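Please consider the following model, on which a short tutorial is based.

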Amino acid sequence: MSQIDASKHNSDQLYKIRHSAEHVLTHAMTRLYGPDKFFMAMGPATDDGYYFDFETLNDFKISEEDFPKIEAEMAKIIKENLPILRQEISQDEAKKLFKDNPYKMEWLNSIADKGEIISIYKTGQDFTDLCAGPHVEKTSEIKAFKLLSIAGAYWHGDEKNKMLTRIYGTAFESQESLNKYLEMLEEAQKRDHRKLGKELGLFTFSELIGSGLPLYTPKGASIRLAVNNYVESVQIKQGYTQVWTPQIAKAKLFQISGHYDKYKDSMFRVVSNFSDEEFFLKPMNCPQHTQIYAAAPHSYRDLPLRYADFAMLYRDEKPGELNGLARVRAFSQDDCHIFCTEDQVDQEIDVALKMTKEIMDTFGLKYKYRLSTRDPQHPEKYLGDPATWDRVEKWAVDIMKRNKIEYFDGPGEAAFYAPKMDLIATDALGREWQLSTVQIDFVMPERFGLEYTAADGTKKRPIMIHRAIIGSPERFMMIMLEHFAGAFPLWLSPVGAKIIPITDTQHDYANKILTKLKEQGIRAELDDRSEKMQAKIRDAQMEKIPYMLIIGGREVESNSVSVRQRDGQDLGALPFDEFLAKVKDQINTKSLNLIK
RNA sequence: GCCCGGAUAGCUCAGUUGGUAGAGCAUCCCCUUGGUAAGGGGAAGGUCAUGAAUUCGAAUUUCAUUCCGGGCUCCA
């Protein structure tokens, strides 16, 4: 067990380079445009680089077309090898220096009585900014940098504030590292699920249906189904049972759960023609599951009860937040709520963590955990008794330790009713995604007055464990699409094998093996178009179909198939039965690899 | 929701300084029967996102709307 840092382990030097590069950017802009064109607001180093926020004045505008000019000026400053000097100054001096800049003044005023040390950084003779650092000593230590994009951003991230302009850039300790990073960005763009989803024909959107409401084609739906069936097959072995609940529920349900107060504005309202009752499309399954539990009296002997639900959920996200399959208004979750006694919590969570490990391994995803706890600054955001929260948060730490799980702290990341143990997976490009979550919840059972009869005959409150493994099958499909770059392992591939006869004289044999493959549950297709074999191979290749089965006179003769893998490898002729046995084995073991 | 950018054939894109549009691929038809990434020919396909305004005339200018993208905020 070790606690790891939430940041991406940027070396101190890299952090200094990026922080300094941000000042060089600001410096270059000051030189190029002068003080009457913009107010510098602020700009930190980030995990991937840095950004700089500023307010443009007097109709001054900046666009990505200006980047080469700014970059050239930055290069000049770096070449001038200016010293970056730190100097501590008094509040009064600082106010004098930045009296014209409302953003700097606001910051200075906000720390006025906190006794903080105010420091400025001077780059050369003509640039000064307020900053605590740290920085490199000379601008020449910034070996490689690039401006990446431009966007709007609210001052202090608050939508009530003014919208500033933000320039994103990055910097590295060598040109080589920068190139590698840029290649990664390019690769990520090539793998973009919106692009691949269209090319591979997996999902689509319709203006008639609405934004954030994806439609899955037969191919896309088959992937979704394969993932869900897999998760279900793992859960069912652990005694999970599926339930099914309606898509809408009365407002009262969400008022009791607390979701109404917190999320009313992002729930879809549903209107009945026959009553004034307010209904909502369900944005989550938890409150519904409490009502299945509450429908009958329970003995401690019944527990734990594990209700799994793959139902569609609807959330009325702000339009600007929608993004491909990453953020949608209609999605499902591989959701489960476990009602159990306090004594059973540890075992249930251990099992859930074990299942999670099994499933992540199947997809070849590396991961770590985040322990999401309350925001100490805002205790009012959480329902329930603080003492119970303290206990449960500590309990979660013990669970992580007992399971020897690597984790980092996520203060302020808890749900309003419970702390969360969130799994953060890393994909093939090193990007991180939150997938699984496990939550120990005392609040919902309390609010819904759930009970069971204990061995001593007294009424007790069950605990509700919320748990999802892949999170949302739709979002997971996006992550898999990018993780595998569209080349899904055989068991997930919408088409596992494409049969390619060389001439139409082989169609009888081709149909025969097509039937056999389908009988064995392998999603196979026959390309019987009047096209050249090469053209058929090209098309199958573009669809990223794992196996192309070339059928000519020789294969018909010997009851075999010539196998070409999508990686270009020609396996030569294999007896058909041997091929069949191999792919069946691959599917059963959910292999991530091809035959060879 | 907010700032910025965008929308031309099913897809990827070209074009029009205001005179109503073009390619490649895909589709359909014909020819071609070919051993590991595109055989040839032809046809069809567009109210240039939608609705207004300006204009003799708008796909092109202006405004609004819808949708998409880059961010901000949010994410039960």
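The questions below concern a sheet and its salt bridges.

This is a predicted model, in which local features need pLDDT of at least 70 and side-chain atom pairs count only at pLDDT 80 or more, while totals for chains, interfaces and linings use all residues. Residues are numbered from 1 along each chain as its sequence is written, chains are lettered from A and ligands numbered from 1 in the order in which they are written, and side-chain values use heavy atoms, with hydrogens and water left out.

Student: Which are the edge strands of the open sheet of 4 strands?

Tutor: Strands are DSSP runs of E, at least two residues, numbered from the N terminus, and two of them pair if DSSP finds at least two bridges between them. The order is β1-β2-β7-β6, with antiparallel pairing. Pairing on one side only marks the edge strands, β1 (38–42) and β6 (144–154).

Student: How many residues apart in sequence are the parts that Arg166 and Asp53 tie together?

Tutor: Arg166 and Asp53 form a salt bridge, their closest N and O atoms being 2.6 Å apart; the term requires a side-chain nitrogen of Lys or Arg within 4 Å of a carboxyl oxygen of Asp or Glu. Since Arg166 belongs to strand β7 and Asp53 to strand β2, the parts tied together are separated in sequence by 113 residues.

Student: Are Arg166 and Asp53 buried or exposed?

Tutor: Buried means under 20% relative accessible area, exposed over 50%, and partly exposed in between (1.4 Å probe, protein chains only). By this criterion, both Arg166 and Asp53 are buried.
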